[in-house]
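User: I am new to this structure and would like a close look at a single part of it. Please take one place where two helices meet and explain it in its setting.

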Amino acid sequence: MPAEPRRSQALLAAWVVAAFAVSATTDLRILGGAWAAALVLLHRGAGRALRRTLLVAAPFGFGLPAISWAWLAWRGGAPPAAPFLALSARATLVAFLTFSVLARADLLRALAPFPAASRILVVCLAQVHALRMLVAESGLGLRSRLPRRPRTGDVLRGSGAITATLLSLSVRNARDVADALRSRGFE
Amino acid sequence: MHIPDGFLSPVVTLPAWAVATPLWWLSARRGLGGTPVESVPVVGSLTALAFVLQGIAIPVPGGTSVHLSGAALLAILYGPATAFACQSLVLLLQAVLLGAGGVTVLPVNAIALGLAGPGVAWLVHRALVRASGRAAAFAGAWAGTQAATLAVALVLGLQHRLAPSYMPVPFEVTVVAMMVPSLAVLGVVEGLYTVAALSILRRARLVDAR
């Protein structure tokens with residue numbers, strides 16, 4: 001096996017192990033140390049990974065614990081903050097590890113030794129690309145047809161219509177891919 | 001709506017992996033079947049469809065927006081087993097491509113959002129479809145959304161019950177924070193979308209196309 005699939009597989013395996021290890025940790029000091037270690041070890045591209053972490057994981061990772069702590073404090077005395085901080089630290093650390101590792105690993109190469117999984121991923125990513133373009137064009141078309149910003153009802157009706165198109169396209173593409181696989185001798 | 005990594009300990013996630021793994025195998029066999037040449041393109045295409053549908057944002061009054069799930073539509077069109085397989089793959093893709101959800105909590109999210117939600121949607125739709133197709137679609141999607149949200153809230157509540165120091169957010173906070181938007185907005189939007197999509201699919205005679 002070439003080195004690259006092994007490197008990506010090792011990275012992904014390390015990520016899964018790290019995610020489980022972090023998700024089992026409750027001690028705030030250990031989590032702080034893990035955060036520091038992650039920033040040192042994964043410093044290349046850390047700014048981008050931190051930005052993505054703030055965008056994706058922070059709203060739920062910080063929001064729910066903060067709301068909960070405030071509510072409990074309002075109801076009857078402030079509870080200890082450490083478990084809430086640990087929860088936020090865990091959620092954001094796993095997200096940071098995810099973004100950092102996924103920027104370094106190549107999923108398609110990691111899956112190269114598994115043909116069925118590779119094919120599903122390739123078909124899926126190609127379809128996602130094609131269908132997303134259609135959805136974006138449909139959204140632009142809806143906006144251009146209306147003299148005002150589309151409202152909930154407009155977008156819902158438009159979504160229903162685009163779903164019909166996406167579904168028919170998906171079914172047709174699935175048949176084409178199956179034919180292409182058969183014509184290349186896959187069974 | 002889905003649970004991110006770090007909110008559930010291995011005490012919950014490891015048994016969930018043990019429960020979900022045979023369910024994935026069963027759903028792949030029952031829902032997809034056939035040879036790999038037939039099933040791989042169908043799985044890939046339907047997963048892509050569900051993935052893209054979940055990227056569509058619906059503006060709601062108040063200046064915010066919600067995302068469609070499409071899980072109820074998939075369950076009504078293709079059955080709960082196919083919906084479970086495709087939603088699980090969508091969750092896996094979201095975890096590894098977008099960092100949404102996560103790998104440790106994948107089976108919990110898959111069971112809640114891919115099995116409980118679409119399963120309830122399919123059952124409610126089946127029970128009501130003879131009376132009114134539109135009402136059945138709306139009720140199915142609405143009930144499926146509530147079932148999925150409640151399942152997520154219950155798992156978070158279970159984690160709090162098992163280890164309050166790990167998950168300090170009590171169940172009453174979680175359930176209110178999750179169910180209020182679900183009951184008021186998400187379920188209604190998903191229901192209206194499912195009705196609109198199904199009526200257009202029926203008019204275009206695409207419902208039975210597989």
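Analyst: What follows describes one helix pair in chain B, after a short account of the chain around it. The model is predicted.

Chain B has seven helices and two strands. Read from the N terminus, its elements come in the order α-α-β-β-α-α-α-α-α. The radius of gyration of chain B is 17 Å, close to the 17 Å that the globule rule gives for 210 residues, so the chain is as compact as a globular protein of that length. Its C-alpha trace spans about 55 × 45 × 30 Å along the principal axes. Of the 210 residues in chain B, 59% are buried. Taking contacts between residues at least 6 apart in sequence, 71% join residues at least 24 apart.

The pair itself consists of helix 3 of chain B, residues 71-78, and helix 5 of chain B, residues 106-128. Their axes lie 8 Å apart, and the two helices pack at an angle of about 55°. Helix 3 of chain B and helix 5 of chain B are therefore oblique to each other. The crossing of helix 3 of chain B past helix 5 of chain B is right-handed.

On the side of helix 3 of chain B, the contact is made by B:A71, B:A72, B:L74, B:A75 and B:I76. Helix 5 of chain B contributes B:L113, B:G114, B:G117, B:P118, B:A121, B:W122 and B:H125. Sorted by class, the residues in this contact are nine nonpolar and three polar, with no charged residues.

Key: Residues numbered from 1 in each chain as written. Chains lettered and ligands numbered in written order. Predicted model: local features only at pLDDT ≥ 70, side-chain atom pairs only at ≥ 80, totals over all residues. Axes fitted to C-alpha atoms, helices over the stretch in contact; angles between N-to-C directions. Helix = DSSP H or I, 4+ residues; strand = E, 2+ residues; numbered from the N terminus. Parallel < 35°, antiparallel > 145°, perpendicular 65-115°, else oblique. Left-handed = near helix turned anticlockwise from the far one by under 90°. Contact = placed C-beta atoms within 7 Å. Nonpolar A, V, L, I, M, F, W, Y, C, P; charged D, E, K, R; others polar. Rg over C-alpha atoms; globule rule 2.2 N^0.38 Å. Buried ≥ 20, exposed ≤ 12 C-beta atoms within 10 Å, placed from the backbone.
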